[in-house]
Amino acid sequence: MRTQVVIIGAGPSGLLLSQLLHKSGVDCVVLERRDPDYVLSRIRAGVLEQGMVDMLERAGVSERMHKEGLPHDGFTIAVGDNRLRMDLKGLTGKNVMVYGQTEVTKDLMDAHDARDAEVIYDAENVTPLDFDGDNPRVTYEKDGVTHEIACDFICGCDGFHGVSRASVPDGAVTEYEKVYPFGWLGILSYVKPVDHELIYANHANGFALASMRSDILSRYYIQVPAGTDVNKWSDEAIWNELKIRLGAEAAAKMETGPSIEKSIAPLRSFVAEPLRFGRLFLAGDAGHIVPPTGAKGLNLAASDIHYLSEGLIEFYGEKSSAGVDAYSSRALARIWKAERFSWWMTTLLHQFPELGAFNAKIQQSEMDYLASSKAAQTVLAENYVGLPF
Ligand code: APR
Ligand code: PHB
């Protein structure tokens with residue numbers, strides 16, 4: 001079999017790329033290791049920048065998002081019982097869309113089903129080969145049979161633990177990493193959100209976030225030490241902690257109920273450089289990870305796909321390799337800005353007892369400065385709503 005582009009991974013990066021390439025008449029095949037239900041079972045972030053909303057429109061998958069998504073013009077930062085609202089719309093003229101990653105993925109899957117697109121699920125032992133030359137190929141196994149696809153380009157959209165980055169020869173890639181000594185314990189529960197906007201809180205007990213998926217489905221997180229066993233946290237203990245950390249005003253209004261999902265995600269910053277190895281590209285979580293504090297993970301995947309799809313479409317449409325040649329450096333320039341912002345939000349809003357009293361004082365003065373300076377708030381807001389791409 002032969003196609004123009006093989007995409008490894010059917011998460012949001014891979015499916016969005018495939019959808020945009022299809023719109024421009026570029027042929028591709030998507031190879032996914034798991035089944036669709038597994039891909040949809042992963043609960044992840046839910047804040048879309050305007051740039052990503054525009055991309056979903058261009059990809060023809062924005063109808064349900066505009067119907068069910070919740071545009072948010074701001075959010076609150078709570079420190080103890082002090083609350084500071086970030087007026088995103090007033091400060092930048094832009095807002096964000098609260099719509100779960102699972103829903104984005106589902107809309108992309110439905111669009112693929114509707115056009116009978118080539119997405120091969122349960123593909124085992126996917127292996128990118130010969131990408132250092134002009135004739136790359138990918139092999140995989142399905143139902144015990146080995147298949148091979150010859151192609152022009154391979155796009156590794158297979159997440160942090162995927163095969164694509166792991167296939168690059170040692171020494172060709174440089175990895176930058178920072179691992180935080182804590183994770184986020186998240187719960188999803190059919191209760192009314194505590195506020196119509198998100199609340200990010202820094203309390204002496206640790207960070208907390210009140211988020212939502214709809215008017216009846218809430219998503220909450222609390223900071224827990226790395227290595228915490230999720231089973232040690234009952235729903236009741238989590239609700240109690242949320243009430244303490246989010247402050248009295250939120251506590252008084254908070255509806256509680258059984259969790260329908262409960263899990264712990266570690267916090268990590270990670271970047272691989274470069275993002276191109278001959279005819280293999282890395283995009284999304286395959287190339288970088290941000291801690292979730294700035295809600296940048298999914299949006300960064302989308303900006304990678306913007307640069308990569310443009311480059312590939314230009315390659316076939318205009319017979320120019322300028323766009324694919326520029327992919328890695330264009331994407332990395334934006335990735336590092338989002339890494340910086342996510343690190344900064346994480347540093348501002350979490351407890352770091354191991355860093356001592358000096359660090360705590362600096363954190364407090366950073367909050368005071370933010371509260372008193374429109375310039376500081378504008379810096380936060382323009383990064384939160386998303387830098388241009
Ligand atoms: N072969 C084929 N598919 C694979 C392989 C493999 N060897 N390894 C992983 N995959 C698949 C996974 O099963 C998954 O469906 O690649 C997909 C990668 O999806 P994600 O991990 O969601 O990564 P990405 O599409 O880049 O999405 C980025 O996800 O983790 C969040 O914060 C992140 O929101 C961001 C988004
Ligand atoms: C979420 O709703 O899951 C969410 C929202 C904002 C974040 C991280 C996660 O910064």
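**An open sheet and a helix pair**

Good morning. The structure above contains an open sheet of 8 strands, ordered 6-5-14-15-16-13-17-20, and the pairing within this sheet is mixed. Please bear in mind that this is a predicted model.

Let me turn to the edges of the sheet. Strand 6, residues 82–86, and strand 20, residues 288–289, occupy these positions; each has a single partner strand, so one side of each is left without a neighbour in the sheet.

Within the sheet, strand 15 (residues 206–212) pairs with strand 16 (residues 218–225) in the antiparallel sense, over 5 bridges. In this pair, Met 212 stands opposite Ser 218 of strand 16.

A helix also packs on this sheet, namely helix 8, residues 235–246. Helix 8 touches strand 5 (75–79), strand 13 (174–189), strand 14 (198–203), strand 15, strand 16 and strand 17 (259–273). The direction of helix 8 makes about 90 degrees with that of strand 16.

I now come to a pair of helices. In general, two packed helices are described by the angle between their axes and the distance between the axes. Helix 3, residues 50–58, packs against helix 10, residues 297–317, at an angle of about 55 degrees, and their axes are 9 Å apart. An angle of that size makes helix 3 oblique to helix 10. The crossing of the two helices is left-handed.

Which residues make this contact? Helix 3 contributes Met 52, Met 55 and Arg 58, while helix 10 contributes Leu 298, Asn 299, Ala 302, Ile 305 and His 306. By class, the contact residues comprise 5 nonpolar, 2 polar and 1 charged.

Thank you for your attention.

Notes. Residues are numbered from 1 along each chain as its sequence is written. Chains are lettered from A and ligands numbered from 1 in the order in which they are written. This is a predicted model: local features need pLDDT of at least 70, side-chain atom pairs count only at pLDDT 80 or more; totals for chains, interfaces and linings use all residues. Side-chain values use heavy atoms; hydrogens and water are left out. Axes are lines fitted to C-alpha atoms, for helices over the stretch in contact, and angles run from 0 to 180 degrees between N-to-C directions. Helices (H or I, at least four residues) and strands (E, at least two) are DSSP runs, numbered from the N terminus. Angles under 35 degrees count as roughly parallel, over 145 as roughly antiparallel, 65 to 115 as roughly perpendicular and the rest as oblique. A crossing is left-handed if the near helix is turned anticlockwise from the far one by less than a right angle, and right-handed if clockwise. Contact means heavy atoms within 4.5 Å. Ala, Val, Leu, Ile, Met, Phe, Trp, Tyr, Cys and Pro count as nonpolar, Asp, Glu, Lys and Arg as charged, and the others, Gly among them, as polar. Two strands pair if DSSP finds at least two bridges between them.
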